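Please open the structure in your viewer and keep the selection tool at hand. The stops below say what to select next and what can be found there.

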Amino acid sequence: MDHVNHKWTQSFLLAGFTTTGALRPLAFLGTLCIYLLTLAGNLFIIVLVQADSRLSTPMYFFISVLSFLELWYLYVFHSLGMTECYLLGVMALDRYLAICCPLHYHALMSRQVQLWLAGATWVAGFSAALVPASLTATLPFCLKEVAHYFCDLAPLMRLACVDTRWRNGVYGAVIGVVTGCNLVLILGLYGGILRAVLKLPSAASRAKAFSTCSSHITVVVLFYTSAFTVYVGSPGSHLEGTDKHIALVYALLTPFLNPIIYTLRNKEVKEAMKRVRVRIRTILQEA
């Protein structure tokens, strides 16, 4: 179609939630509380990992990188979503090396390797997001009200003056390849972990090995369940108005739950919290 004959809008209005009456302030306060708790929880993990030397391990380094990512999730949504996908794969690799190659683990996962892997996830995530973002940015838009509370690509495409089906296909293919390949990698690594753990001689050692993976497995399930719920099929396949409600799961709920999962389900983090609390109390008493 000829773009010259279409009106190009230069700005967008976010419709937000369509609640009315008494539900509107409740929806606002509930969302705000979850968001503030998400910021506090992820900042807490970053500070705790930096403050306690016993958490200076590759696993907690990658957890702190994940928490840093969650702080900016709503602001750079698609790029960081792709980055998180790669990062979960790297975290699975870390657990695989720790359990299946314990004697060579620290040599294989040196500080330099950790920084390289973390940087690679960000580069790969932002690079993958360039394709759908570029395709959407070049569209002519005739409407300006986005039926969402942030500029997600699917509701933006609905405002275009032209047929977006092939762009939807490319968009779905990019997300499908990135998430699918990383999911296959994670499943393959955990298959190797399962085989190694089942060969351990005692039930106690098997339970300890599994416990180091339980938090990561929970986060992976949350991430991929919400991602597949939203993005399986074309970006415009959901009924209008449902995208923003589904998005609450992966944009607010998942980042909110991640710090809880890594603190309440992790004995080492609980012990680190006690050590830092004792250190702070000692400093305050000496002051």
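## First stop: the cysteines

Begin by selecting Cys 142, which at 35% relative accessibility counts as partly exposed. Bear in mind throughout that what you are looking at is a predicted model. Now add Cys 161 to the selection, a residue that counts as buried at 14% relative accessibility. Cys 142 and Cys 161 form a disulfide, and their sulfur atoms lie 1.4 Å apart in the model. The pair links distant parts of the chain, 19 residues apart: Cys 142 sits in the loop between helix H5 (111-137) and strand E2 (145-146), while Cys 161 sits in the loop between helix H6 (153-157) and helix H7 (165-198). If you turn the view to look along the link of Cys 142 and Cys 161, you will be looking at a right-handed arrangement, with 125° about the S-S bond. The count of disulfides in this model comes to one.

Next, select Cys 100, which is partly exposed at 26% relative accessibility. Why is Cys 100 not bonded to Cys 101? The closest cysteine sulfur to that of Cys 100 belongs to Cys 101, but it is 6.1 Å away and therefore too far for a bond, given that a disulfide needs the two sulfur atoms within 2.5 Å. Cys 101 is likewise in no disulfide, as its nearest cysteine sulfur is that of Cys 100, and Cys 101 is partly exposed with a relative accessible area of 24%.

## Second stop: the salt bridges

There are three salt bridges to visit. For one of them, select Arg 275 and Asp 52, whose side chains meet with a distance of 2.9 Å from N to O. This pair links distant parts of the chain, since Arg 275 belongs to helix H10 and Asp 52 to the loop between H1 and H2, with their positions 223 residues apart. Show the surface here and compare the two partners: is each of them buried or partly exposed? Arg 275 is partly exposed, with a relative accessible area of 23%, whereas Asp 52 is buried, with a relative accessible area of 2%.

Move on to Arg 95 and Asp 94, which form a salt bridge with their closest N and O atoms 3.0 Å apart. Both Arg 95 and Asp 94 are buried, and hiding the surface may help you to see them.

Then select Asp 163 together with Arg 165, another salt bridge, in which the closest N and O atoms are 2.6 Å apart. Asp 163 is partly exposed, with a relative accessible area of 39%, and Arg 165 counts as exposed at 64% relative accessibility.

## Third stop: Glu 70

Select Glu 70, which you will find in helix H2 (residues 58-71). Glu 70 is buried, with a relative accessible area of 4%. Which residues is Glu 70 in contact with, once its neighbours within four places in sequence are left aside? They are Asn 42, Glu 84, Pro 255 and Asn 258, so add these four to the selection to see the surroundings of Glu 70.

## Fourth stop: the pockets

To find the largest pocket, with about 630 Å³ of space, select Met 59, Tyr 60, Thr 212, Asn 266 and Glu 268, which are the closest to its centre among the 26 residues that line it. Colouring by element is useful at this point, as H2, helix H3 (77-100), helix H8 (203-231) and helix H10 (267-286) each give two or more residues to the lining of the largest pocket. The most come from H8, which gives seven residues to this lining. Colouring by residue class instead would show 10 nonpolar, seven polar and nine charged residues in the lining of the largest pocket.

Finish at the second largest pocket, which has a volume of about 280 Å³. Its lining is selected with Phe 17, Phe 28, Thr 31, Leu 32, Tyr 35, Leu 74, Tyr 75, Tyr 149, Phe 150 and Leu 252. Which helix gives the most to the lining of the second largest pocket? Helix H1 (residues 23-51) does, with four residues. By class, the lining of the second largest pocket holds nine nonpolar residues and one polar residue, with no charged ones.

Terms used
Residues are numbered from 1 along each chain as its sequence is written. This is a predicted model: local features need pLDDT of at least 70, side-chain atom pairs count only at pLDDT 80 or more; totals for chains, interfaces and linings use all residues. Side-chain values use heavy atoms; hydrogens and water are left out. Buried means under 20% relative accessible area, exposed over 50%, partly exposed in between (1.4 Å probe, protein chains only). Contact means heavy atoms within 4.5 Å. On a 1 Å grid over the protein atoms alone, a cavity is a set of points where a 1.4 Å probe fits but cannot get out, and a pocket is an open set with protein on both sides within 12 Å along at least five of seven lines; lining residues have an atom within 4 Å of a point. Grid points are joined across faces, edges and corners, and a volume is the space filled by probe spheres set on the points. Ala, Val, Leu, Ile, Met, Phe, Trp, Tyr, Cys and Pro count as nonpolar, Asp, Glu, Lys and Arg as charged, and the others, Gly among them, as polar. A salt bridge is a side-chain nitrogen of Lys or Arg within 4 Å of a carboxyl oxygen of Asp or Glu.
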